[in-house]
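Trainee: Please take one part of this model and look at it closely with me. Then show me what lies in the other parts.

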Amino acid sequence: LSYTIDPKRIYAAGFSNGALLSYRLGCKMAGTLAAIAPVAGILSQNPCQPDQPVSVIHIHGDSDVSVPFGGGGINPSNGLPFPSVSTGIITWVRLDGCENAPRKEQLGIVAHTKYESCRNGSAVELYVAKGIGHVWPPASVMPASQIIWDFFAAHPKP
């Protein structure tokens, strides 16, 4: 049995520790990955120095106490406080060379921030669900899996 894999369409997604892993893969495997989708995790890789842009779609609840949106708490893997989600997004916007101010929209209880005009057609997007904790967002709040898939489909490697 063999499969054909499009090398321009390799992605990583993860929840919680898997989100931290997806960020780590984005930092270390930028030549392979087109985009990553961390959910309820943060960029903890320091330094993160991808050798080319990787698109990011990040989804997080603002009431997450396990991986707090605003930072703090303790990362059990290293005993250090978690950085804020905003710190990671700002870092990735810089890494991808996004030039324009973001577009923002409110979709019910979900705030969506979208950075475009990034190098090599990459993009950085953040979805923040108000009142949602450390969970994959329920479909009644947002269709997270479909949003991630649509983002991946729109962001292959150049």
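**A charged corner and its surroundings**

Mentor: Arg103 has a relative accessibility of 49%, which makes it partly exposed (buried is under 20% relative accessible area, exposed is over 50%, and partly exposed lies in between, with a 1.4 Å probe and protein chains only). Through salt bridges with shared partners, Arg103, Lys114 and Glu116 form one network (a salt bridge is a side-chain nitrogen of Lys or Arg within 4 Å of a carboxyl oxygen of Asp or Glu). This is a predicted model, with residues numbered from 1 along each chain as its sequence is written. Local features need pLDDT of at least 70 and side-chain atom pairs pLDDT 80 or more, while totals for chains, interfaces and linings use all residues, and side-chain values rest on heavy atoms, without hydrogens or water.

Take the two bridges of the network in turn. Between the side chains of Glu116 and Arg103, the distance from N to O is 3.1 Å. Arg103 belongs to strand β4 (residues 103-107) and Glu116 to the loop between β5 (110-115) and β6 (124-129), so this pair ties together parts that are 13 residues apart in sequence. Helices (H or I, at least four residues) and strands (E, at least two) are DSSP runs, numbered from the N terminus. Glu116 also pairs with Lys114, at 3.5 Å from N to O. Glu116 is partly exposed at 32% relative accessibility, and Lys114 is partly exposed at 22%.

Next to Glu116 in the numbering comes Ser117, in the loop between β5 and β6. Ser117 is not a glycine, yet its phi is positive, about 55 degrees. Most residues other than glycine have a negative phi, and most peptide bonds are trans. With a relative accessible area of 39%, Ser117 is partly exposed.

How many salt bridges does a search of the whole structure find? The count is 3. One of them joins the side chains of Arg9 and Asp6, at 3.8 Å from N to O. Arg9 is partly exposed, with a relative accessible area of 37%, and the value for Asp6, also partly exposed, is 37%.

Now the helices. In α2 (residues 85-95), the buried residues are Val85, Gly88, Ile89, Trp92, Val93 and Leu95. These residues span an arc of only 160 degrees around the axis, which places them on the same side of α2 (the arc is taken over the directions from the helix axis to the C-beta atoms). The other side of α2 has Ile90 and Arg94 exposed. Among the elements that cover the buried residues of α2 are α1 (17-28), β2, β3, β5 and β6, where contact means heavy atoms within 4.5 Å. Just after α2, Gly97 has a positive phi of about 65 degrees.

Helix α3 (residues 144-154) has Ala144, Ile147, Ile148, Phe151 and Phe152 buried. Their arc around the axis is only 135 degrees, so they sit on the same side of α3. Trp149 and Ala154 are the exposed residues on the face turned away from the buried side of α3. The buried residues of α3 pack against β1 (11-15), β2 (35-39), β3 (55-61) and β6.

The loop between β2 and β3 holds two backbone features. Ala40 lies in this loop and has a positive phi, near 60 degrees, although it is not a glycine. With a relative accessible area of 1%, Ala40 is buried. Pro47 is in the loop between β2 and β3 as well, and the peptide bond from Asn46 to Pro47 is cis, with omega near 5 degrees.

Asn46 and Pro47 also help to line the largest pocket. A pocket is an open set of points on a 1 Å grid over the protein atoms alone where a 1.4 Å probe fits, with protein on both sides within 12 Å along at least five of seven lines; lining residues have an atom within 4 Å of a point. Other lining residues include Leu43, Ser44, Gln45, Cys48, Pro83, Ser84, Thr87 and Thr91, together with Gly88 and Arg94. Gly88 is one of the buried residues of α2, whereas Arg94 is exposed on the other side of α2. By class, the lining has 4 nonpolar, 7 polar and 1 charged residues (nonpolar covers Ala, Val, Leu, Ile, Met, Phe, Trp, Tyr, Cys and Pro, charged covers Asp, Glu, Lys and Arg, and the others, Gly among them, are polar).
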